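Trainee: I would like to go through this structure with you and ask, for each term we use, what justifies it.
Mentor: Please do, and let us begin once it is in front of us.

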There are 2 protein chains.
Amino acid sequence: MQKSLSIAIVGSGLVGSLLAVYLRKAGHSVHIYDRSPDIRKIQFSGRSINLAMSDRGWKALDAVNVGDSVREIAIAMDKRAIHVNNELKFQPYGFNGESIYSISRGTLNRKMIDLAEEAGAEFFFEKKIWDVNLAEATLQIGETERGEWEAVKYDMVFGSDGAFSRVRHRMQRQSMFDYSQEFLPTGYKELHIPANPDGTHRLDKNSFHIWPKGDYMLIALPNLDGSFTCTLFMPFEGENSFASLTNRKQVEDFFEKNLPDTVDVIPNLAEDFFKNPTSTLVTMKCFPWTFENKVALIGDACHAIVPFYGQGMNAGFEDITVLHEFMEEFGDDWEKIFKAYEKSRKPDADAIAELSYRNFMEMSSKTADESFLLRKKIEKRFSEKYPDKWLPLYSRVTFSHRPYSEALAIGDHQKAIMDQVMLLPQIEKKWDSEEVEEKILGLLRF
Amino acid sequence: MQKSLSIAIVGSGLVGSLLAVYLRKAGHSVHIYDRSPDIRKIQFSGRSINLAMSDRGWKALDAVNVGDSVREIAIAMDKRAIHVNNELKFQPYGFNGESIYSISRGTLNRKMIDLAEEAGAEFFFEKKIWDVNLAEATLQIGETERGEWEAVKYDMVFGSDGAFSRVRHRMQRQSMFDYSQEFLPTGYKELHIPANPDGTHRLDKNSFHIWPKGDYMLIALPNLDGSFTCTLFMPFEGENSFASLTNRKQVEDFFEKNLPDTVDVIPNLAEDFFKNPTSTLVTMKCFPWTFENKVALIGDACHAIVPFYGQGMNAGFEDITVLHEFMEEFGDDWEKIFKAYEKSRKPDADAIAELSYRNFMEMSSKTADESFLLRKKIEKRFSEKYPDKWLPLYSRVTFSHRPYSEALAIGDHQKAIMDQVMLLPQIEKKWDSEEVEEKILGLLRF
């Protein structure tokens, strides 16, 4: 039995709430602080991308028996639905019917807070943390940055306060703290496809819908109420850009010309476009993630990634899985737990950041590309015949629990092989031949 | 004639002081703030590396006629003096006797502040800037971060406040601000070789002395008073590391064993070793560098680099040269000046960061390596015969005014050629043959 500690978690998002459940189960007292109001009591919308829960996320939820109650608010998506030239093509995600699960961020966050409360965590909303005394695990809480602060001391503090974490902000001011933040020149905006009058979905419900357009793309993920949450990813500047769409007519003309099959299903296009903010996309990396046995960062607070692999939340939940394994292994030695956690997790966080960054190209351009689809067909055929020798990158990231860093390394190897294969003369005719199979077998080095 | 503005410069270091001279000559009113006391009135030592002024630095000084007064405190170094196995080898820096110039940081900083004052700039020491209102070019000045602040408004603010700039700190909190800081696992410590009793230098005065030891190295640069400022670069952890040298005996034994020819010339080794701090080495990059026509970063505040190319100060001074060119070109349009400045300068700042990072390996390992010396000999021979076709990388960085980014690109090309050349059978015998010459000519693509 571990010694019971008094622990503060800064940030009541998905990772903070699930971490609270784990820490409560380990017998600790848990206070969760958030600068925002209780999300259960306010409208939450207009700037989110629907979540895609996959195996890593489910594992972390199921380990504390909350997976099933989350499944109630999730919709399985077993394929991409690619909208190109008013045609629809389906690409299954897995070879064995595997699915990822669409969940609205607001709905899941409310559920996670309920679950943490049920587990005995105590929430403090609209409490702003401005600074943290790292060595003392003491929070500085106040109305404003320059106003009066109250100091509240704990045994330990977790920063799960996201990409712009205040806890990390204090750690950044230590010497030898590596840090980077890099913004994409692409932003995003939420749009909305309402349900049919009878409550059914206007597009195939069990698909992740993509309109790949090269330098921009639209995606749509299903909600329980028959609607879809859409996200338009687009450069801030340039020809097809947010800067070029400044009035109703421009927006409507743009969609009519470039995304004609969306016009009927997005009735409030222009209203939503100008009501909803344009949000930025940032990759944030840092190290170390912990301070002695007192403070640890988790989730986006230590590894914010762009959303193009659907792994942000899954990676954050997997942080908890890994942390928990070391809690089991090292008992009360939190310095050892923290050191092992950051050391184990950092290469995987860097790997999923890289994979997510690269995947924008795959989603926005390559899914519409014949040669890319041929690659996928060849991979699929080989993988079905030699499942032990070839698990495609997407599956390794999404439907396995192998480290992200391994997925990146093996994925690069597979890509090098497929680059060779695609150079074979007349590959489009002999893609399912023994020659291609032999070629791949000859190049595989694992 | 430009409109006269009231300008604040935050940071009274080398770049801030020289910038003040330029802005005064352009007719502006200039206030310089520094959180530290006036360096002219205090002892400054124990944590610096001597500066190596080269062509880019001199150009910026000479353009406002202060070069000659700086030359009075500089010592020419026309070669590296490599100490290996108690032997001494000399490597000239240029092919035409070019030199870099050793200057102690404290001495130069005092001189630069004098020069800025003579030009009419007003200094405010021991004034701490805690925040900047970017849109209003307003400084927040106070004793402590949480105490009372006084707001002082200017037309424009320059942040020349170094790698941990407070001005940049405010810009960092803007959206879309790219930022990275990365620490080396290597630190450094200042040591001291005093003058001979008669005031002469104990080692060759006109050399940059290096003891290359692989994962660590010692350097020594001459001072006017006959002494040398030495710097020991060494990993924080590991076999040969600061962590492994924790008492007098360990330090003395280490130097006796590994750097025996320094023992006689560093009499206060152990005292200095434990009195002087171990400093960190950081590479910091960011973008943008400016805010509207109100705020601009310059020098280390926007591009802190590791010291292994001797270009930190030179790059900062060249920022001023470039800024000044755009001041001449765009007159009162400071938004245009700032945009052109950051756009022009960013790729060059990234390039010298990369070159400086790489150069640690060259200085600490390769200068002791036979194959490296052979490369240098081949390059020298070819360059002397075809001066228009081959300017070595070091010369392009140090003795030219061509952009750093060009130096990096051409340097990479030259390295690829030399990699090929070094693969020629028996290269060590035919290094000065026509075959080698033809090989290089055939591979050159510019």
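Trainee: Which residue of chain B does Gln181(A) stand opposite?
Mentor: In this predicted model, the residue opposite Gln181(A) is Tyr179(B), which belongs to S13(B).

Trainee: What makes S13(A) and strand S13 (residues 178–183) of chain B a pair of strands?
Mentor: Two strands pair if DSSP finds at least two bridges between them; S13(A) and S13(B) are joined over three bridges, in the antiparallel sense, and therefore they satisfy the rule.

Trainee: How many residues does each chain bring to the contact?
Mentor: Chain A brings 21 residues and chain B brings 21 residues, while the area buried between the two chains is about 1,800 Å², with carbon and sulfur atoms giving 42% of that area.

Trainee: Why is the contact between Glu145(B) and Arg173(A) called a salt bridge?
Mentor: The rule asks for a side-chain nitrogen of Lys or Arg within 4 Å of a carboxyl oxygen of Asp or Glu; the closest N and O atoms of Arg173(A) and Glu145(B) are 3.1 Å apart, so the pair qualifies. Across the interface of chain A and chain B the rule finds two salt bridges, and there are also 13 residue pairs in polar contact.

Trainee: Which elements give two or more residues to the side of chain A that touches chain B?
Mentor: They are helix H5 (166–172) and strand S13 (178–183) of chain A, and S13(A) gives the most, with six residues. By residue class, that side of chain A divides into seven nonpolar, seven polar and seven charged.

Trainee: Why does one side of strand S3 (51–53) and of strand S4 (75–77) of chain A lack a neighbour in the open sheet S3-S7-S4?
Mentor: The three strands of that sheet pair in the antiparallel sense, and S3(A) and S4(A) stand at its edges with a single partner strand each, so one side of each is left without a neighbour in the sheet. The twist there averages 40° from one strand to the next.

Trainee: How do you know that S4(A) pairs with strand S7 (residues 100–103) of chain A?
Mentor: At least two bridges are needed, and three join S4(A) to S7(A), which run antiparallel, so the pairing holds; within S7(A), Ser102(A) is the residue opposite Ile75(A).

Trainee: What makes strand S10 (residues 138–142) of chain B a partner of S11(B)?
Mentor: The same threshold of at least two bridges applies, and S10(B) and S11(B) pair over five bridges in the antiparallel sense, with Gly142(B) opposite Trp149(B) in S11(B).

Notes
Residues numbered from 1 in each chain as written. Chains lettered and ligands numbered in written order. Predicted model: local features only at pLDDT ≥ 70, side-chain atom pairs only at ≥ 80, totals over all residues. Heavy atoms only, no water. Contact = heavy atoms within 4.5 Å. Buried area = accessible area lost by both parts, 1.4 Å probe. Polar contact = N/O pair within 3.5 Å; in protein donor to acceptor, adjacent residues only side chain to side chain. Helix = DSSP H or I, 4+ residues; strand = E, 2+ residues; numbered from the N terminus. Nonpolar A, V, L, I, M, F, W, Y, C, P; charged D, E, K, R; others polar. Axes fitted to C-alpha atoms, helices over the stretch in contact; angles between N-to-C directions.
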